[in-house]
2 protein chains.
Amino acid sequence: MYLANPTQQTAVTTADKVFEQMQHAIVEGDIPSGSKISEPELAKRYQISRSTLREALNRLEKCHLIERKANVGSRVVDCSIEGLLELYITREALEGMACRQAALNMSDEEIVDMQTMLKAHGQTQELKDGIAYYQEEGDLDFHYKVILGSHNKQLIDLICGQLYHLVRMYRCQFGMNSPRASRAFNEHSQIIQAISDRDGELAEMLMRRHIAASRKNIENKIAQQNLTELNDRK
Amino acid sequence: MYLANPTQQTAVTTADKVFEQMQHAIVEGDIPSGSKISEPELAKRYQISRSTLREALNRLEKCHLIERKANVGSRVVDCSIEGLLELYITREALEGMACRQAALNMSDEEIVDMQTMLKAHGQTQELKDGIAYYQEEGDLDFHYKVILGSHNKQLIDLICGQLYHLVRMYRCQFGMNSPRASRAFNEHSQIIQAISDRDGELAEMLMRRHIAASRKNIENKIAQQNLTELNDRK
DNA sequence: TTAAGTATTATTGTCGACAATTATTCGGAA
DNA sequence: TTCCGAATAATTGTCGACAATAATACTTAA
């Protein structure tokens with residue numbers, strides 16, 4: 001199942017609904033990464049006029065899932081390794097700062113809530129160890145809670161409203177579930193500890209390491225994957 | 001005069017042109033911060049249909065200059081002090097990281113170019129000391145060069161394509177030209193030094209301090225301004 | 001056969017009108 | 001007078017058609 005991000009407001013207009021559908025389709029690769037978007041075709045497929053389709057396309061462009069060129073058309077962004085690494089660099093900067101702000105601005109209730117989640121998360125992990133999926137959901141939940149805890153609208157909008165759609169897209173398309181389950185759990189624990197200690201500096205540092213570790217893990221996986229492909233060809 | 005940001009591609013379609021005009025108007029306060037946007041009225045003013053106006057509005061929304069609510073309409077974002085501080089927090093995170101990446105990724109030519117700019121900048125400052133305006137332009141030029149030097153599309157797009165429109169808006173509307181002319185120059189020098197030393201860690205740290213100092217300077221100005229207003233009322 | 005230029009087709013951009021939703025005004029009852 | 005509700009007006013969302021631009025196919029000349 002798809003995890004809705006918490007900043008997304010409920011779709012009211014039909015353009016909103018089509019936007020959400022296309023968002024799913026792009027994130028999960030049903031509309032392939034890098035492919036050109038034909039307005040007439042998609043308008044017909046979703047049974048709407050081109051105007052409302054274009055409205056939906058504008059929102060997709062806003063969260064960096066498609067790119068438009070004037071008088072030429074739209075393409076789905078393509079998932080390159082460079083793009084993935086750039087995304088993680090950006091996450092490191094933004095989520096690191098969000099974590100620092102969370103340590104300063106989170107309410108006590110929010111912190112308790114997060115600790116509760118972590119506990120539940122730990123139990124789930126013990127039960128379904130190896131089953132990556134819930135871990136992934138838990139990971140996203142955790143990150144969302146920290147970001148929202150920053151109480152900084154600018155940060156929240158940039159990360160949840162824009163970056164995380166791309167994050168989910170890369171996770172889907174590169175098949176990167178279940179990264180470092182147990183280590184991630186420990187790292188989450190440390191971060192929550194720093195936040196409840198109101199230690200912004202440490203919180204930022206730990207979050208940055210957490211994301212950097214995730215990035216390096218991905219780099220390794222990709223390198224390993226390339227190696228396997230190389231061997232298969234022989 | 002208005003300083004175009006370097007990532008903005010030349011306007012080709014009429015929606016683009018209207019977008020640019022409205023962008024100016026909003027940044028400079030001709031369309032007041034916080035005011036509601038009437039689609040029929042603006043379409044008439046710019047002599048275009050509502051469709052192309054809405055296209056322009058979508059781009060304004062993309063760079064966070066207006067906000068839309070379904071079935072209700074658009075408003076120009078309002079410039080609050082909290083918003084300004086949140087913006088600077090975000091800048092600190094993103095530009096700090098951009099600066100680190102610039103230290104790693106900038107070409108030698110780019111570095112030379114930036115050093116040349118700094119030198120010219122210093123002479124201008126000596127000549128027109130006290131005249132804030134050129135200083136401001138120089139400041140933006142410097143920041144743009146560092147950001148572009150990161151060679152990270154994600155960072156470049158987020159900062160130049162989105163944040164900096166808001167930065168310019170706040171600068172205009174709060175009348176914050178000429179902040180800390182001589183100190184800023186020294187800070188810029190140090191940053192360039194760190195970049196040419198390829199010391200990413202130091203470069204990030206210095207850029208973060210530079211922006212944080214700017215933020216604190218603004219906080220002081222606002223506090224002082226409030227104090228003056230309080231005295232005037234007596 | 002290849003290359004360039006032109007004609008054709010298809011796609012995107014723009015327009016004005018209608019439908020659906022929200023805001024406002026007006027009237028009546030407490 | 002004040003508050004609530006219905007009718008009206010205004011605004012936003014959606015639609016289909018036309019205009020302008022880009023991509024494709026075809027023709028012709030070297």
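This tour moves through a predicted model of protein chains and DNA strands, one selection at a time.

Because the model is predicted, local features are reported only where pLDDT is at least 70 and side-chain atom pairs only at pLDDT 80 or more, whereas totals for chains, interfaces and linings use all residues. Residues are numbered from 1 along each chain as its sequence is written, chains are lettered from A and ligands numbered from 1 in the order in which they are written, and side-chain values use heavy atoms, with hydrogens and water left out.

**Stop 1: the two protein copies**

Select chains A and B together, and keep in mind that two copies of a chain are related by a rotation about an axis and a shift along it. Chain A can be laid on chain B by a turn of 180° and a shift of 0.0 Å along the axis, with an RMSD of 0.0 Å, after a least-squares superposition on the C-alpha atoms of residues with pLDDT of at least 70 in both copies. That is the relation of a two-fold axis. The same surface serves both copies, since 100% of the contact residues of chain A recur in chain B, where contact means heavy atoms within 4.5 Å.

**Stop 2: DNA strand C**

Now select DNA strand C, which is surrounded by 19 residues, the closest being A:R50, A:R54, B:T13, B:T14 and B:T52; a residue is near a strand if one of its heavy atoms lies within 4 Å of it. Of the strand C atoms within 4 Å of the protein, 67% belong to sugar or phosphate and the rest to bases.

Which part of DNA strand C lies 2.8 Å from an N or O atom in the side chain of A:R50? The partner is a base nitrogen of DNA strand C, and the pair falls within the limit for a polar contact (a pair of N or O atoms within 3.5 Å). Backbone atoms take part as well: an N or O atom of the A:I37 backbone lies 3.4 Å from a phosphate oxygen of DNA strand C, and a polar backbone atom of B:A15 is 3.4 Å from a phosphate oxygen of the strand.

**Stop 3: DNA strand D**

Moving to DNA strand D, you will find 19 residues around it, of which A:T13, A:T14, A:T52, B:R50 and B:R54 come nearest. Sugar and phosphate account for 68% of the strand D atoms that come within 4 Å of the protein. Zoom in on B:R50, where an N or O atom of the side chain is 2.8 Å from a base nitrogen of DNA strand D. Polar backbone atoms of chain B also approach phosphate oxygens of this strand, with B:I37 at 3.3 Å and B:E39 at 3.5 Å.

**Stop 4: helix α4 of chain A**

Next, select residues 81-105 of chain A, which form helix α4, a helix being a DSSP run of H or I at least four residues long, numbered from the N terminus. At 1.5 Å a residue its 25 residues should span 36 Å, and the end C-alpha atoms are 35 Å apart, which agrees; the expected span is 1.5 Å times one less than the number of residues. Of these 25 residues 19 are buried, so the helix is largely enclosed by the rest of the structure, where buried means under 20% relative accessible area (1.4 Å probe, protein chains only).

**Stop 5: A:Q101**

Finally, pick out A:Q101 in helix α4 of chain A. Is A:Q101 buried or exposed? At 9% relative accessibility, A:Q101 counts as buried. Leaving aside neighbours within four places in sequence, A:Q101 is in contact with A:M106, A:G149, A:S150, A:L155 and B:I89.

Notes. Polar contact = N/O pair within 3.5 Å; in protein donor to acceptor, adjacent residues only side chain to side chain. Helix = DSSP H or I, 4+ residues; strand = E, 2+ residues; numbered from the N terminus. Buried < 20%, exposed > 50% of the residue type's maximum accessible area, 1.4 Å probe, protein only.
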